[in-house]
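Here are a few notes to read alongside the model. Have a look at it first, then come back to the points below.

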There are 2 protein chains.
Amino acid sequence: MFSYFDHNATTPIGEKVLQSMLPYFKDEYGNASSRHALGTKAREAINRAREQVAHLVEVQASQVIFVSGGTEANNAFIKGMGACLPPSQVISSSMEHPCVKNPVQKLRRSGWKITNLPTLGNGLVDASSLDVLLSNKTGFASVMLANNETGVIQPISNLAESFRQNNVWFHTDAVQAVGKIPVTFAGLGVHAMSISAHKLGGPKGIGALVIDKRLPLEPLIDGGGHEFGLRSGTENVPAIVGFGTACEIASEKLNSYQTVVSPIRDKIEADLESLGAVIFGKSAPRLPNTLYCSFPGVHGESMVIALNEEGFGVASGSACSSASVNVSPTLLAMGVEESIASCAVRISVGDESTADDAERFYLSCRRVMKKFNNLIALAS
Amino acid sequence: MFSYFDHNATTPIGEKVLQSMLPYFKDEYGNASSRHALGTKAREAINRAREQVAHLVEVQASQVIFVSGGTEANNAFIKGMGACLPPSQVISSSMEHPCVKNPVQKLRRSGWKITNLPTLGNGLVDASSLDVLLSNKTGFASVMLANNETGVIQPISNLAESFRQNNVWFHTDAVQAVGKIPVTFAGLGVHAMSISAHKLGGPKGIGALVIDKRLPLEPLIDGGGHEFGLRSGTENVPAIVGFGTACEIASEKLNSYQTVVSPIRDKIEADLESLGAVIFGKSAPRLPNTLYCSFPGVHGESMVIALNEEGFGVASGSACSSASVNVSPTLLAMGVEESIASCAVRISVGDESTADDAERFYLSCRRVMKKFNNLIALAS
């Protein structure tokens, strides 16, 4: 038995999602650009899915640009804006995912000035300097909606107000938030938003950049002119269909999702605190499924490996960068000491997680911590 | 009953391919970057698939960079080189797919000079001027291996020799060729090659840029540093696994594929010629499954629609651009008159196509042509 507490890395695909995809692998395998019956069926399936994705975040279907995932969506926005606008200031945060941070950094080469909003100790961006920063000509901004590690939810609609007053195009990486908390495009007040299917019960390899159609955007991937000319390439029909289904399910169960995951996360949090864990971002609004903590003295990687042996899948830092063992820049930005930050473990539950999983997790953590504490005692 | 003769647009996915993918949707759904058991299984699956893709084109696994498809692979090469090299000349052809042609055209903005090799009447590139062209400093070149419309196979290894002598990085869009004819990276002599899974029995949404590791390449999509730092984003594990399986099957059946599809294509070709069709590229080496022709006086789109009603899926021009009805630039480059080019129809069979399909196709074409000829006679 393996209990999966790593839903911020990727989610299990829903059975209904997979079933909706299968016909487009097996029988309706046409290229949506083909003019025969199989092409038409593929096109109709894409149109339906676009409506489903649009419905979840309350936009028009034509605002949904299908891309290969969240990383591409973020690159498409940042590089697309960088190629369209004359270089000026770009505003971001120190807590962005590498697929925002790295493209933003590369804009320096073409003359952009990068300004990152500082981070408060609780994991929220510190927007107090924003009005001063905006006195410099600013082309665009990108601040994440929910942090992949801490789960802290940023005050995007407040930021959007300042950006709009200053005619700054504003994007949010909403990959971790959509499907976990209510998110609407208009509610956030942004001009662009990235979504990833596999973070909300859909398949890997598909996502969307949702845009205000007035956005000036140079396509990242050129070719046959698919996706309103903004993203070329044969449409990944089964994945698009699965993404649509996942969004429909996410729409339906948004309230029940929070009701299920919150108590499980809260129980785990209380349990781990009783075992000596330091919780990050606790005083800020957070995703209901996410818990980020350190057991001081026990390296995060060691904890992940020990808990894997106990039958639990958790992460140290974000899964996307755990291929390279780095201390979390998010925690450092929050002012966490490096020795504590290097012990960070992320637990992200899902709505198939149970109270029983949580109880077994507590017992495992207690057992593991006992071992580590014995080792620490021996070494000192 | 619907007979699918549009395999150059996309292929049906093999049953064995789909079966190989399903476990990675259902049970082994981990993020390959995760350090727990589910992550490890995903990573191992990607490693196996990378070996399978590498084996098909005879390269080391580390030369295979997974991307979202052929369009991204071509963009990644062209834009990646354009960002790395100082602007000079780029050499391409007039017959490239829009996902090569458009990114190449955009290089003009950053000071590149675009030179397209002329096209011979049979659909081959005319390389007679290449040595003269190469007297101008040339950064890189991209010429397709097999044309998506005519199926004409270009003399890539000959071109590669000239490019190598002049220290020009050389890429080929091999999307239409791999799986249909024997293709090896070393045999072609290129430095980079694009492959798409869904053109060879694999799933949509996955492909590869196969590279000489010395190639200087700025990543198109930045982030967590996946794919040797050249293509970030959570790996699309099921699609990668399916791509691997499709490549393994393609390796095994390469000879039988040609033995099956050639006679069917040849029969259809002879039948259509007997009905008055003009065949394009007939005197050049071609893909064994592809037939490109015009029935003068009958618009290609009309033919596609009429044949769809008869239960056949064919294309007019390339499926990728048939969303916009344009006369094929490839045919115009070959010197075909616009009135003839606008009548172009592409028939691309697959190894599940049968002699019986071909015979019924002949009868349908005869019926359709009779109707059109009656209409033409009435109108004149």
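The points below cover the ground rules, the symmetry, the interface and the core.

1. Some ground rules. This is a predicted model, where local features need pLDDT of at least 70, side-chain atom pairs count only at pLDDT 80 or more, and totals for chains, interfaces and linings use all residues. Residues are numbered from 1 along each chain as its sequence is written, chains are lettered from A in the order written, and side-chain values use heavy atoms, without hydrogens or water.

2. On symmetry: turn chain A by 180 degrees, with 0.0 Å of shift along the axis, and it lands on chain B at an RMSD of 0.0 Å (least squares on C-alpha atoms of residues with pLDDT of at least 70 in both). The two copies are thus related as by a two-fold rotation axis.

3. How many residues does the contact take from each chain? It takes 64 from chain A and 64 from chain B, with contact meaning heavy atoms within 4.5 Å. Since 100% of chain A's interface residues are also interface residues in chain B, the copies meet through the same surface.

4. As for salt bridges (a Lys or Arg side-chain nitrogen within 4 Å of an Asp or Glu carboxyl oxygen), there are 10 across the interface of chain A and chain B. D222(B) and K79(A) form a salt bridge at 2.6 Å, N to O.

5. Finally, M193(A) and M193(B) touch the most other members of the 128-residue largest nonpolar core. Such a core joins buried Ala, Val, Leu, Ile, Met, Phe, Trp, Tyr and Cys residues through side-chain atoms within 4.5 Å, buried being under 20% relative accessible area with a 1.4 Å probe, protein chains only. Beyond four places in sequence, M193(A) contacts residues including V57(A), F185(A) and L209(A).

Methods. Buried < 20%, exposed > 50% of the residue type's maximum accessible area, 1.4 Å probe, protein only.
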